[in-house]
Amino acid sequence: MTAVTLKAVTLTHVRYQKGDQLGHFLAWVSLVPVFISLGGFFSHFIFRRELQGIFFAIGLIISQFINEFIKTNVQQARPETCLLLEMCDSHGWPSSHSQYMFFFAVYFSLLNCKGIGPWGIKNRWFMNVLHWSLAVLTMYSRVYLGYHTVAQVFAGATLGILVGAAWFWVVNSVLFCYFPAIEESAFGRYFCLKDTSHIPDVLKFEYDNARAARNKVNCSE
């Protein structure tokens with residue numbers, strides 16, 4: 001009888017040592033990229049349809065393709081601890097989790113610096129601290145849990161920062177000029193795509209317009 005080799009779906013396949021509370025916490029931190037991708041960007045597209053957010057997500061996808069291309073060509077092994085984690089069948093340099101989170105952090109920070117986003121000026125410092133803290137914790141978690149070496153996570157973080165900054169420049173210096181055309185296209189109209197990055201305080205703008213529209217509603221009808 002031929003032996004069958006089984007391979008796990010590693011999207012949420014994160015292991016930690018039983019009884020290790022810090023490891024348990026960091027295992028959840030290690031899943032932050034999954035939560036951002038499936039919960040954040042998917043719900044953003046469903047409910048917001050913002051072009052800035054859509055191109056942000058496209059940049060993260062491009063970044064992960066770059067990461068996979070480099071891993072495939074460099075083929076640097078993961079640390080020896082991967083034997084316990086069932087992760088020896090994939091390469092470790094650079095860390096895709098670190099690259100993802102630092103891309104996210106630098107792009108988010110640049111959006112904040114440019115005043116783009118619905119979170120308001122008063123909350124921007126908190127958002128910056130939050131996503132940079134998550135990026136550093138994710139990087140640390142990959143080493144602590146044994147999935148990567150220190151060099152591998154720092155390589156991923158560096159690449160994420162460089163690719164994130166470069167993609168931000170492409171989107172907001174080159175592609176931004178085409179946003180009005182995308183909005184007015186048949187595709188943009190069908191999916192209700194929009195760009196509000198030119199509005200200083202989107203949250204206040206939407207709040208005021210929602211209240212104005214509510215005042216026009218005649219409840220007696």
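**Notes on a predicted model: two loop residues and a helix pair**

1. Leaving aside its neighbours within four places in sequence, Gln 75 is in contact with Ile 70 and His 91. Please keep in mind from the start that the structure you are looking at is a predicted model. To find Gln 75, look in the loop that runs between helix H3 (51-74) and helix H4 (82-85).

2. Is Gln 75 buried or exposed? Its relative accessible area is 51%, and because exposed means over 50%, Gln 75 counts as exposed. The chain also brings Trp 93 into the picture: although Gln 75 and Trp 93 are 18 residues apart along the chain, their C-alpha atoms are separated by 7.3 Å.

3. Turning to the record, the unreviewed UniProt entry carries the annotation "transmembrane region" for residues 25-47, 100-117, 129-147 and 153-179. Two of these annotated spans can be described from the model itself. In residues 129-147 the end C-alpha atoms lie 25 Å apart, and the span is 84% helix with 0% strand. In residues 153-179 the end C-alpha atoms lie 35 Å apart, and here the span is 85% helix, again with 0% strand.

4. How do helix H6 (residues 124-144) and helix H7 (residues 150-174) cross, and within what distance do their axes come? The axes come within 9 Å and cross at roughly 155°. Angles over 145 degrees count as roughly antiparallel, and H6 and H7 are therefore roughly antiparallel to each other. The crossing of H6 and H7 is, in addition, right-handed.

5. Which residues make this contact? On the side of H6 they are Met 139, Arg 142 and Val 143, while H7 contributes Val 150, Val 153, Phe 154 and Ala 157. Sorted by character, the residues of the contact of H6 with H7 comprise 6 nonpolar and 1 charged, with no polar residue among them.

6. A second loop residue deserves a look beside Gln 75. Lys 114 is found in the loop between helix H5 (96-113) and H6. Its relative accessible area is 45%, and because partly exposed covers the range between under 20% and over 50%, Lys 114 is described as partly exposed.

7. What does Lys 114 touch, if residues up to four places away in sequence are not counted? It touches Phe 168 and Asn 172. Lys 114 can also be placed relative to His 198, for the two are 84 residues apart in sequence and yet 10.0 Å apart in space, C-alpha to C-alpha.

Terms used. Residues are numbered from 1 along each chain as its sequence is written. This is a predicted model: local features need pLDDT of at least 70, side-chain atom pairs count only at pLDDT 80 or more; totals for chains, interfaces and linings use all residues. Side-chain values use heavy atoms; hydrogens and water are left out. Helices (H or I, at least four residues) and strands (E, at least two) are DSSP runs, numbered from the N terminus. Buried means under 20% relative accessible area, exposed over 50%, partly exposed in between (1.4 Å probe, protein chains only). Contact means heavy atoms within 4.5 Å. UniProt positions are given in the numbering used here, feature names are shortened, and annotations may be inferred rather than shown by experiment. Axes are lines fitted to C-alpha atoms, for helices over the stretch in contact, and angles run from 0 to 180 degrees between N-to-C directions. Angles under 35 degrees count as roughly parallel, over 145 as roughly antiparallel, 65 to 115 as roughly perpendicular and the rest as oblique. A crossing is left-handed if the near helix is turned anticlockwise from the far one by less than a right angle, and right-handed if clockwise. Ala, Val, Leu, Ile, Met, Phe, Trp, Tyr, Cys and Pro count as nonpolar, Asp, Glu, Lys and Arg as charged, and the others, Gly among them, as polar.
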